[in-house]
Amino acid sequence: MEKQPPSSPAARQRLDKWLFVARLIKSRSLAQKAIEAGHVAVNGARATQSSTPVKAGDTLELSLERRDLVVRVLLPGARRGPYEEARLLYEDLTPEAPAERRTPFEQATRERGAGRPTKRERRETERLRPGFEDND
């Protein structure tokens with residue numbers, strides 16, 4: 001029985017190791033915790049074990065702390081190298097985030113301690129009040 005070399009397109013790699021080598025998660029232990037918590041899906045199915053094999057062509061969905069990612073595995077990783085090298089291991093398929101929509105009230109609301117409103121901001125806030133009549 002002959003083993004395939006790591007550069008072979010059919011080569012498989014452990015999911016936790018691939019996430020670490022591709023620099024999507026900071027450490028292998030954090031990758032294992034994310035997988036066990038159910039934050040990683042391989043080809044649409046939740047991965048529950050760190051040893052789940054991934055190969056070129058697999059699609060991974062990650063729910064990270066500050067963002068959600070969708071990536072396609074292009075190559076298995078040999079080592080954790082610089083970002084430029086790790087970026088060649090996957091293709092980012094994450095959809096664009098929609099532009100933030102804010103209501104007029106949210107636009108006129110100031111953060112506490114942001115200072116006094118300008119004259120323009122005050123007028124915009126006054127227009128939101130019921131019964132305000134524009135005397136201009």
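**An antiparallel sheet and its surroundings**

Strands E2 and E3 run antiparallel to one another and are joined by two bridges. The model in which this pairing is found is a predicted one, and the description below starts from the sheet before turning to the chain as a whole, to the salt bridges and to the charged surface.

The sheet to which these strands belong is open and has five strands, arranged in the order E3-E2-E5-E6-E7 with antiparallel pairing. Strand E3 (45-46) and strand E7 (90-92) are found at its edges, and because each has a single partner strand, one side of each is left without a neighbour in the sheet. In general, the strands of a sheet pair through backbone hydrogen bonds, in either a parallel or an antiparallel manner.

Alanine 41 offers a convenient point from which to follow the pairing across this part of the sheet. Its bridge partner in E3 is arginine 46, while in E5 the bridge partner of alanine 41 is glutamate 61. Strand E2, which spans residues 40-42, is joined to E5 by three bridges, and the two strands run antiparallel.

Strand E5, in turn, is joined to strand E6 (residues 68-73) by five bridges, again in the antiparallel sense, and E5 and E6 form a hairpin in which four residues lie between the two strands. Within this hairpin, leucine 60 stands opposite valine 71 of E6. From E6 the sheet continues to E7, the two strands being paired antiparallel over three bridges, with arginine 72 having glutamate 91 as its bridge partner in E7.

The two strands of the hairpin can also be described by their faces. In a regular strand, the side chains alternate between the two faces of the sheet. Strand E5 (residues 59-63) has a covered face made up of Leu60 and Leu62, whereas Thr59, Glu61 and Ser63 make up its uncovered face. In E6, the covered face consists of Leu69, Val71 and Val73, and the uncovered face of Asp68, Val70 and Arg72. Leucine 60 and valine 71, which stand opposite each other, thus belong to the covered faces of E5 and of E6, respectively.

Threonine 59, on the uncovered face of E5, has a relative accessible area of 22% and is therefore classed as partly exposed. Between threonine 59 and tyrosine 90 there are 9.4 Å in space, C-alpha to C-alpha, although the two residues are 31 apart in sequence.

Taken as a whole, the protein chain comprises five helices and seven strands, which follow one another from the N terminus in the order β-α-α-β-β-β-β-β-α-β-α-α. Of the 136 residues in the protein chain, 24% are buried.

Six salt bridges are present in the structure, and Arg14, Asp16 and Arg28 are linked by such contacts into a network. In this network, the side chains of arginine 14 and aspartate 16 meet at 3.1 Å, N to O, and those of arginine 28 and aspartate 16 meet at 3.3 Å, N to O. Since arginine 28 lies in helix H2 (residues 28-36) and aspartate 16 in helix H1 (residues 15-21), the latter pair ties together parts that are 12 residues apart in sequence. The members of the network also have contrasting surroundings: aspartate 16 is buried, with a relative accessible area of 0%, whereas arginine 14, at 34% relative accessibility, is partly exposed, and arginine 28 is likewise partly exposed, at 31%.

A further salt bridge is formed by glutamate 126 and arginine 129, whose closest N and O atoms are 3.2 Å apart. Here glutamate 126, with a relative accessible area of 19%, falls under the 20% limit and is therefore counted as buried, while arginine 129, with 49%, is partly exposed.

On the surface, finally, a patch of positive charge is formed where Lys119, Arg122, Arg123 and Arg127 gather. One member of this patch, arginine 127, has its place in helix H5, which covers residues 119-128.

Methods:
Residues are numbered from 1 along each chain as its sequence is written. This is a predicted model: local features need pLDDT of at least 70, side-chain atom pairs count only at pLDDT 80 or more; totals for chains, interfaces and linings use all residues. Side-chain values use heavy atoms; hydrogens and water are left out. Patches are made of residues with over 30% relative accessible area and no salt bridge: like charges are joined within 9 Å, nonpolar side chains (Val, Leu, Ile, Met, Phe, Trp, Tyr) within 5 Å. Accessible areas come from the Shrake-Rupley method with a 1.4 Å probe; for residues, only the protein chains shown count as cover. A salt bridge is a side-chain nitrogen of Lys or Arg within 4 Å of a carboxyl oxygen of Asp or Glu. Lys and Arg count as positive and Asp and Glu as negative; His and the chain ends are not counted. The place of a charge is taken as NZ of Lys, CZ of Arg, CG of Asp or CD of Glu. Buried means under 20% relative accessible area, exposed over 50%, partly exposed in between (1.4 Å probe, protein chains only). Two strands pair if DSSP finds at least two bridges between them.
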